[in-house]
Amino acid sequence: MALATSTKIALGLALAGGVAAGTTAWADEDDILVINGETEIITKTDAPAHVEGLDTIRSGWTFRTVETQSLQMDDFDNPAMIFVDQGIDSWNAADGAAGKSCADCHEDPESMTGLRTKLPKWNEAAGEVWTMEMYINACRTERMEAEPWGWKSQPMLNMTALIGNQSRGLPMAVEIDGPAQATWEQGKEMYYTRYGQLELSCANCHEDNYDNYIRADHLSQGQTNGFPVYRLKQANLIAAHNRFKGCIRDTRAETYSEGSPEFVALELYVASRGNGLSVETPAVRN
Amino acid sequence: MASGVKPRVKVPKTASAGDTITIKTLISHPMESGQRKDSDGNLVPRSIINRFTCDFNGENVIDVTLEPSISTNPYLQFEAVVPEAGEFKFTWYDDDGSVYEEAKPITV
């Protein structure tokens, strides 16, 4: 009898514990992200002055569950690091008619430290704003005389993850004035324009309703500081333009394609909304 | 023949004798289940890691049989007691006959 009673109590406690764990499975927005116990990441900071609709900017990491968050806290647990490793392999592999590899000109991938924080940026020679993908393909076609990679092809995703990873922990700082300003304005215009049958703009979800649910989805601020991110549902890296496409498709609109001037402009504008957040590439999201 | 297979292991570099340590292993592998069909309707042949073992100084720590429908890039985490300094040896057995090996020393 005594045994039965104590079992019941133990069971009751276990259930109470389960409920408590259920309510705290969503992380506190003040949780601190430290990767590998050494790289501290800024996941929450004051919004840049040019973002009128937000006071505080928060990384998408702060919106995810504890389980998803913990995947990003250790490189061994982060499934995207496999792709970063594959990126190192293609960094060192010669390709194209010139017989050159990335390493022949750029030596270590570490030479790319800080680059991710500045992209997309104005390219004087091209007379337009360029993303990392465009710089990589320019290197491939002009210097290596190789075939350009597709925007969302695996080698391109691996390479952008590798190069972005070198800047992990550094705050995003894209330039929005000077020659890039017109493109930035175009991106801002898009951000606040309602698209599709559902007539939703980026801002409707990611500025007006972040932290709320859209059906089962916990809306984030749509920050891009972790891209390319590893999405658990796709079990692969996803480029920012691919994500934009998914969002616009969900408004039931015809989308732009990856690499289009519209998405380059939007990428610059969205990146500028995250100025001050640390680069998290490759982040883990659901 | 699976390509791009690369084993990874995380073992603490040092421990006290008798300590229980956590070992994490990951191998990049497509783990093709043998259930899927290609665009012509033909079965894609099964190609998985079917067995994983870990030995410490010649003594078996864990011996795992893996089945189809285990996801891509199988990740295994387990605990081991370290009685003395030595070396953990990890072996993955592929359906195609390939054997992938990795070893990590530990000091006490």
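Colleague: Which residues does I136(A) touch, leaving out those up to four places away in sequence?
Modeller: I136(A) touches W149(A), M156(A), M159(A), T160(A) and I163(A). Touching means heavy atoms within 4.5 Å. This is a predicted model: local features need pLDDT of at least 70, side-chain atom pairs 80 or more, while totals for chains, interfaces and linings use all residues. Residues count from 1 along each chain, chains are lettered from A and ligands numbered from 1 as written, and side-chain values use heavy atoms, without hydrogens or water.

Colleague: How many residues are in the largest nonpolar core?
Modeller: That core has 50 residues (buried, under 20% relative accessible area with a 1.4 Å probe, and joined through side-chain atoms within 4.5 Å). I136(A) is among those with the most contacts inside it, along with W91(A), M159(A), I163(A), L237(A) and L266(A).

Colleague: Which elements give two or more residues to this core?
Modeller: In chain A, they are α3 (81-92), β6 (128-130), α6, α7 (154-165), α8 (181-191), β9 (229-231), α10 and α11. Helices here are DSSP runs of at least four residues, strands at least two.

Colleague: And which gives the most?
Modeller: α11(A), with seven residues.

Colleague: What does the second core include?
Modeller: V11(B), I48(B), I49(B) and F88(B) are included in that separate core of 23 residues.

Colleague: New topic. What lines the largest cavity?
Modeller: The lining has 15 residues (an atom within 4 Å of a point on a 1 Å grid where a 1.4 Å probe fits but cannot get out). R116(A), E133(A), F227(A), A240(A) and E267(A) lie nearest the centre of this cavity.

Colleague: Which elements give two or more residues to that lining?
Modeller: α6 (132-143), α10 (240-250) and α11 (261-273) of chain A.

Methods: On a 1 Å grid over the protein atoms alone, a cavity is a set of points where a 1.4 Å probe fits but cannot get out, and a pocket is an open set with protein on both sides within 12 Å along at least five of seven lines; lining residues have an atom within 4 Å of a point.
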